[in-house]
Amino acid sequence: MTTQTPGVADLGPLNRAKEQKAWYYYDWANSAFSTTIAGVLFAPYLIAIAKEAAVDDRISVLGLSVAPGALPSFIITASTLLSAVLLPLLGAVADRTERKKDMLAGFAWAGALAASLLFFVTGDNWQLGAISFIVANICFGASAVFNDALLCLISTEEERDHVSSRGWAYGYAGGGILLAINFVMVSFHDSLGMSEGFAVRLSMLSAALWWAGFTLIPYLGIRNHPVAALEPVSGGIVSRSFGQLWATLKDMRNYPVALTFLVAYLFFNDGIQTVIASASIYGVEELGFATGTVLATYLLVQAVAVAGALGFGRAAARYGAKPVILVGLVIWMAIVTVALFLPEGQLVPFLVLGVAIGVVLGGTQALARSYFSLLIPRGKEAEYFSFYHAMDRGTSWFGTLVFGLVYQLSGSYRPAIFALIFFFVVGGALLLKVDTRRGIEQAGNAVPRSV
């Protein structure tokens, strides 16, 4: 997997296993933000705050008249557009330094600090909530670039699907545990002597602290790995990083299979990320469920997602990652179709839909990460994963923008959620064109037994 250099011990199976276990805990750590804050509490809470500031059911955002219900979608769009610019440059920096785990931790702690400021969003001050979330979401995506680049350094090609799937399973388990605690706090806020708003703000603060605290495990448990196979560029760190970025952009044409997968991922991940970001809005605003009910449903999703991620990993070991991802995309198409007709206030159908989401949520994302890692050249892991996350956190603006615009025009979240089927259909069609074996050989990686 890596070339041994003088004075540096070769990373054997036991040492790899130790680093892999520490690596799993970053998924455990950052899932607190993606689940408790981004997935469940932020959007409905910000909508409630924005409604307090609304005049004639509209607020002014940079001179534009926006419905409070569409505000979270537009905020996510803004943060992901900024990420699209910043993440590739960060990847260029990351591939020129051994300190990938240090940069992972730095962005994680900066993001957790920004997320903690959501505790102070009260009254009609939606602006503080918007800025804090944008910064936290950008840092979340930046830390993920370094986290995923480390996957290639701590695992062999044969181990990749298993390690990635196990990481996602840890993430859903960790996020689920904290979500269970926050579910109790929000649902029984009266018995605990809190207002519902204070319970929500305290829950978001707990997610920030969880993210920061558990990041210590990968920071202490993963070693810094030497860089390899970089393009020779001159100048300082900034000019060298831009030079590396330009060299990689030119080099990408040598890996057309990886590029095809990136475009496919752009589409189907837009759909996944928008469903995740908008599900709590849909449950509260369209179906009329209480915030506590939506929290309980997300808790169910987290529990099912642990088994789903591990199950998808085992299926990939037998059938290969690509066909398993395609099956997952078909299930996603069924999910958004059923959501269009889901009856208002009926809990059982809502829970069944949550189970279906849990089955495919972790599995499709985990396998997409490990599948892409097989298609990229060694020594440029962070650079290529920065473009990958430009599709993940940086270009998923299109899905949230479509969702927000459809709601703005129709006044209903039902057509907005169904419109996301476009992303799964196009992404799946492009993924069918990806030649897995050819892509792995182009990147110079070893071909796993099942492709």
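**From a buried methionine to the nonpolar core**

Methionine 204 is buried, with a relative accessible area of 1%, a value far from the cut-off, because a residue counts as buried when this area is under 20%. The model in which this value was computed is a predicted one. Methionine 204 belongs to helix H6, which covers residues 196-214. Residues up to four places away in sequence aside, Methionine 204 touches Ile37, Leu41, Phe42, Tyr45 and Leu118. The C-alpha atoms of methionine 204 and alanine 32 are separated by 8.8 Å, although the two residues stand 172 residues apart along the chain.

One of the contacts of methionine 204, Ile37, leads to the interior of the model. The largest nonpolar core has 138 residues, and Phe33, Ile37, Phe261, Phe268, Trp332, Phe372 and Leu431 have the most contacts inside it. Helix H1, residues 13-53, gives the most to this core, with 19 residues. In soluble globular proteins, nonpolar side chains tend to be buried together.

Phenylalanine 33 shows what surrounds one of these core residues. Its neighbours within four places in sequence left aside, phenylalanine 33 is in contact with Ala38, Gly39, Ala115, Phe133, Ala136, Asn137, Phe140, Ala207 and Trp211.

A second buried position lies in helix H5, residues 160-187, which contains leucine 179. The relative accessible area of leucine 179 is 0%, and this residue is therefore buried. Between the C-alpha atoms of leucine 179 and threonine 36 the separation is 6.0 Å, with their positions 143 residues apart along the chain. Threonine 36 is also among the contacts of leucine 179, which include Thr35, Val40, Leu295, Tyr298, Leu299 and Gln302 when neighbours within four places in sequence are left aside.

Helix H12, residues 347-373, allows a check of helix geometry. Its 27 residues should span 39 Å at 1.5 Å a residue, and its end C-alpha atoms are 40 Å apart, so the two values agree. H12 is mostly covered, with 19 of its 27 residues buried.

The surface offers a contrasting case. Valine 85 lies in helix H2, residues 71-94, and has a relative accessible area of 56%, so it is exposed. Together with Leu82 and Leu86, Val85 makes a nonpolar surface patch of about 260 Å². An α-helix has 3.6 residues a turn, so residues three or four places apart point the same way.

Methods: Residues are numbered from 1 along each chain as its sequence is written. This is a predicted model: local features need pLDDT of at least 70, side-chain atom pairs count only at pLDDT 80 or more; totals for chains, interfaces and linings use all residues. Side-chain values use heavy atoms; hydrogens and water are left out. Helices (H or I, at least four residues) and strands (E, at least two) are DSSP runs, numbered from the N terminus. The expected span of a helix is 1.5 Å times one less than its number of residues. Buried means under 20% relative accessible area, exposed over 50%, partly exposed in between (1.4 Å probe, protein chains only). Patches are made of residues with over 30% relative accessible area and no salt bridge: like charges are joined within 9 Å, nonpolar side chains (Val, Leu, Ile, Met, Phe, Trp, Tyr) within 5 Å. Accessible areas come from the Shrake-Rupley method with a 1.4 Å probe; for residues, only the protein chains shown count as cover. A salt bridge is a side-chain nitrogen of Lys or Arg within 4 Å of a carboxyl oxygen of Asp or Glu. Contact means heavy atoms within 4.5 Å. A nonpolar core is a set of buried Ala, Val, Leu, Ile, Met, Phe, Trp, Tyr and Cys residues joined through side-chain atoms within 4.5 Å.
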